[in-house]
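Let's take a friendly walk through a protein model together. Have a look at the structure first, and then we will go through a few of its parts one by one.

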Amino acid sequence: MTRLFLMRHAKARWAEPGSRDYDRGLELSGRADADMIASSMLLAGYVPQKVLCSGARRARETWEAAARHLAVSDVDYLDGLYSSDAGGYLEIIRKAGGAGPVLVVGHNPMMEDLTTALARDGEPEAMQTVAGGFPTSGVAVIRLASPLDAIAPGGGFLEDFLAPRDI
């Protein structure tokens with residue numbers, strides 16, 4: 001059994017005129033939420049061994065805020081997590097492989113789509129939260145029976161969902 005943590009980037013600023021969406025940074029409240037969620041992850045024992053993070057600025061800044069609590073040295077920044085759909089996310093996670101827990105810091109709607117595709121069952125409260133939308137800084141905790149290189153839709157169980165509004 002392994003765990004996959006899917007974290008949506010924290011609340012970002014609106015794009016400045018003439019700037020790219022990719023370059024949007026976090027709001028101060030987003031930094032605080034990412035810090036708080038990572039602290040909650042640590043307290044719950046949800047500690048990844050590897051991080052796959054979108055290369056977009058708001059995702060990188062989310063991980064930087066979270067890294068204060070989740071000291072992980074194996075971090076890959078991947079532009080594919082900015083430009084892919086949920087199927088692309090699944091392929092990126094499979095290629096990362098390994099048996100240890102992995103945290104993916106990415107974007108919606110891919111996080112929500114991937115969570116519902118992987119975990120068609122789970123704790124009722126967690127399932128209800130995801131059904132209502134995947135909030136910024138939210139973390140889906142998915143328990144998998146297979147190693148990451150073999151995960152498939154329907155192969156996970158939504159064990160928990162952490163959201164800033166619930167902490």
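Let's begin with a helix. Helix H1, made of residues 28-44, has 17 residues and reaches 25 Å from its first C-alpha to its last, close to the 24 Å expected at 1.5 Å a residue. Keep in mind that this is a predicted model.

Which residues of H1 are buried? They are Gly30, Asp33, Ala34, Asp35, Ile37, Ala38, Ser40 and Met41. The cover over these buried residues includes helix H2 along with four strands: S1 (2-8), S4 (102-106), S6 (139-144) and S7 (156-162). After H1 comes Gly45, and its phi is positive, near 80 degrees.

Now for the second helix. In H2, the buried residues are Arg58, Ala59, Glu61, Thr62, Trp63, Ala65 and Ala66. They pack against H1, S1 and S4, and also against strand S2 (50-54), strand S3 (74-78) and helix H3 (80-83).

One residue of this helix deserves a visit of its own. Glu61 has its place in H2, which spans residues 57-67. Is Glu61 buried or exposed? Glu61 counts as buried because its relative accessibility is 8%, and buried means under 20%. Its side chain makes a polar contact with the side chain of Arg31, at 3.1 Å. Setting aside neighbours within four places in sequence, Glu61 is in contact with Gly25, Leu26 and Arg31.

For the opposite case, turn to Ala131, which lies in helix H6 (residues 124-131). Ala131 counts as exposed because its relative accessibility is 66%, and exposed means over 50%. Here are the two residues side by side:

| Residue | Relative accessibility | Class |
|---|---|---|
| Glu61 | 8% | buried |
| Ala131 | 66% | exposed |

We can also link Ala131 back to the glycine that follows H1. Measuring along the chain, Ala131 and Gly45 are 86 residues apart in sequence, and their C-alpha atoms are 25 Å apart in space.

Finally, let's look at empty space. How much space lies in the largest pocket? The answer is about 170 Å³. Its lining is formed by Arg8, His9, Ala10, Lys11, Ala12, Trp14, Arg24, Arg58, His107, Asn108 and Thr136. By class, three of the lining residues are nonpolar, four are polar and four are charged. Arg58 may look familiar: this lining residue of the largest pocket is also among the buried residues of H2.

Methods
Residues are numbered from 1 along each chain as its sequence is written. This is a predicted model: local features need pLDDT of at least 70, side-chain atom pairs count only at pLDDT 80 or more; totals for chains, interfaces and linings use all residues. Side-chain values use heavy atoms; hydrogens and water are left out. Helices (H or I, at least four residues) and strands (E, at least two) are DSSP runs, numbered from the N terminus. Buried means under 20% relative accessible area, exposed over 50%, partly exposed in between (1.4 Å probe, protein chains only). A polar contact is a pair of N or O atoms within 3.5 Å; within protein, one must be able to donate a hydrogen and the other to accept it, and residues adjacent in sequence count only if both atoms are side-chain atoms. Contact means heavy atoms within 4.5 Å. The expected span of a helix is 1.5 Å times one less than its number of residues. On a 1 Å grid over the protein atoms alone, a cavity is a set of points where a 1.4 Å probe fits but cannot get out, and a pocket is an open set with protein on both sides within 12 Å along at least five of seven lines; lining residues have an atom within 4 Å of a point. Grid points are joined across faces, edges and corners, and a volume is the space filled by probe spheres set on the points. Ala, Val, Leu, Ile, Met, Phe, Trp, Tyr, Cys and Pro count as nonpolar, Asp, Glu, Lys and Arg as charged, and the others, Gly among them, as polar.
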